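This report walks through a protein–DNA model. Please keep the sequence and the structure in view while reading.

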2 protein chains.
Amino acid sequence: MGAIDRNSHEKRKSSPGPSGRIWIEGDEGTFLGYGRVVLLERIREYGSITKAAKSMEMSYRHAWELIDSMNRQADKPLIEAATGGKGGGGARLTDEGERAIKLFWKFYAEFQIFLKEQSKKITLNLN
Amino acid sequence: MGAIDRNSHEKRKSSPGPSGRIWIEGDEGTFLGYGRVVLLERIREYGSITKAAKSMEMSYRHAWELIDSMNRQADKPLIEAATGGKGGGGARLTDEGERAIKLFWKFYAEFQIFLKEQSKKITLNLN
DNA sequence: TACCGTAATATACATCAGGGAATAACGCTA
DNA sequence: TAGCGTTATTCCCTGATGTATATTACGGTA
């Protein structure tokens, strides 16, 4: 339920020291990033782009563009959406989407470890 | 002599795979980043904020703000500037600035290694 | 003292990513 | 068939960021 900033990056504590952002690049630019992956998870949770976007305080327009970007760059779509029908339609995370989520969080976790290691070295050198 | 983009991050090849940006956070936000460190080096080279900014295709105003931000957040100034005098004045990199440059490039180099390692793991998982 | 090139600073302008709102299409349900 | 909620798409507006431009301050030098 936490708010996500407008750049689709995680809110980071502004504690001095090494910091950074990571993402997975695709053919058209960013393929997977923190905000995108959280969006995927929210869609899995709510089954709706509209609800997922609202839960992140993100505009539907922006959410849709991110999903479209991911789907275009992936071999197979990460999200499959349907208009009309019961409840007006909805969206669902595919197996490919599930794999993308796992892939990114693994990368993300290793980066956090990397930053922590760097923090030890760098804070020593500051004074 | 290469052009630096407007966000003060290095121009990165858009090759698919793990990517990212790093910086060193200070009390007011970014303290050292790629663009800032290149700016420091250019000032060391030219002895002038004006010339350093031009060489990076950066506005003087922006360059000055970056320098001011770094100087305010560091224990001792990284850049010392003088108005008037021979040649109208100039700017010079301090020893503290020299250390900041080394510190950042070390961090940067280790991050490149980290990305390369991650690339091996991730490209394997894509197909 | 006049000149010079730079630092320092303020103001106006341009650009652009994203938000908000409006609208159409869709297909199940009652 | 009418209603519903969602996806999909378009247009306009705003806020933030950086550029461009102009002006002043400065202190050596000729």
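## Strand C: polar contacts

How far is a phosphate oxygen of DNA strand C from an N or O atom in the side chain of Thr50(B)? The separation is 2.4 Å. This is a value from a predicted model.

Lys51(B) also reaches the backbone of the DNA. An N or O atom in its side chain lies 2.8 Å from a phosphate oxygen of DNA strand C. Gly88(B) addresses a base instead: a polar backbone atom of Gly88(B) is 2.9 Å from a base nitrogen of DNA strand C.

## Strand C: the surrounding surface

DNA strand C is surrounded by 22 residues. Ser59(A), Gly84(A), Ile49(B), Thr50(B) and Trp64(B) are the closest. Both chains thus appear in that list. Sugar or phosphate supplies 67% of the strand C atoms within 4 Å of the protein, and bases supply the rest.

Four elements each give at least two residues to this surface: α3 of chain A, and α2 (49-55), α3 and β3 (79-83) of chain B. By class, the surface near DNA strand C holds 5 nonpolar, 12 polar and 5 charged residues.

## Strand D

Around DNA strand D there are 22 residues. Ile49(A), Thr50(A), Ser59(B), Arg61(B) and Gly84(B) come nearest. Of the strand D atoms that come within 4 Å of the protein, 62% are sugar and phosphate.

Three polar contacts can be named here, each to a separate kind of site. At a phosphate oxygen of DNA strand D, a polar side-chain atom of Ser59(B) lies 2.5 Å away. At a sugar or linking oxygen, a backbone N or O atom of Gly87(A) lies 3.4 Å away. At a base oxygen, a backbone N or O atom of Gly84(B) lies 2.9 Å away. The elements with two or more residues on this surface are α2 (49-55), α3 (60-73) and β3 (79-83) of chain A, plus α3 (60-73) of chain B. The residue classes near DNA strand D are 5 nonpolar, 12 polar and 5 charged.

## Relation of the two chains

What turn lays chain A on chain B? A turn of 180°, with a shift of 0.0 Å along the axis, gives an RMSD of 0.0 Å. That is the relation of a two-fold axis. In chain A, the C-alpha nearest the axis belongs to Arg21(A), at 2.7 Å.

The interface fits this picture. Of the interface residues of chain A, 100% are also interface residues in chain B, so the copies meet through the same surface.

## Helix packing within each chain

Two packed helices are described by the angle between their axes and the distance between the axes. In chain A, the axes of α1 (residues 34-46) and α3(A) come within 11 Å and cross at roughly 100°. That makes α1(A) roughly perpendicular to α3(A). From α1(A), the contact uses Arg36(A), Leu39(A), Leu40(A) and Ile43(A). From α3(A), it uses Ala63(A), Leu66(A), Ile67(A), Ser69(A), Met70(A) and Gln73(A). The classes are 7 nonpolar, 2 polar and 1 charged.

In chain B, helix α1 (residues 34-46) and α3(B) pack at about 100°, with axes 11 Å apart. α1(B) is therefore roughly perpendicular to α3(B). Residues of α1(B) in this contact include Leu39(B) and Ile43(B), and those of α3(B) include Leu66(B) and Met70(B). The contact of α1(B) with α3(B) divides into 7 nonpolar, 2 polar and 1 charged.

Conventions: Residues numbered from 1 in each chain as written. Chains lettered and ligands numbered in written order. Predicted model: local features only at pLDDT ≥ 70, side-chain atom pairs only at ≥ 80, totals over all residues. Heavy atoms only, no water. Near = heavy atom within 4 Å. Polar contact = N/O pair within 3.5 Å; in protein donor to acceptor, adjacent residues only side chain to side chain. Nonpolar A, V, L, I, M, F, W, Y, C, P; charged D, E, K, R; others polar. Axes fitted to C-alpha atoms, helices over the stretch in contact; angles between N-to-C directions. Parallel < 35°, antiparallel > 145°, perpendicular 65-115°, else oblique. Contact = heavy atoms within 4.5 Å. Least-squares fit on C-alpha atoms with pLDDT ≥ 70 in both.
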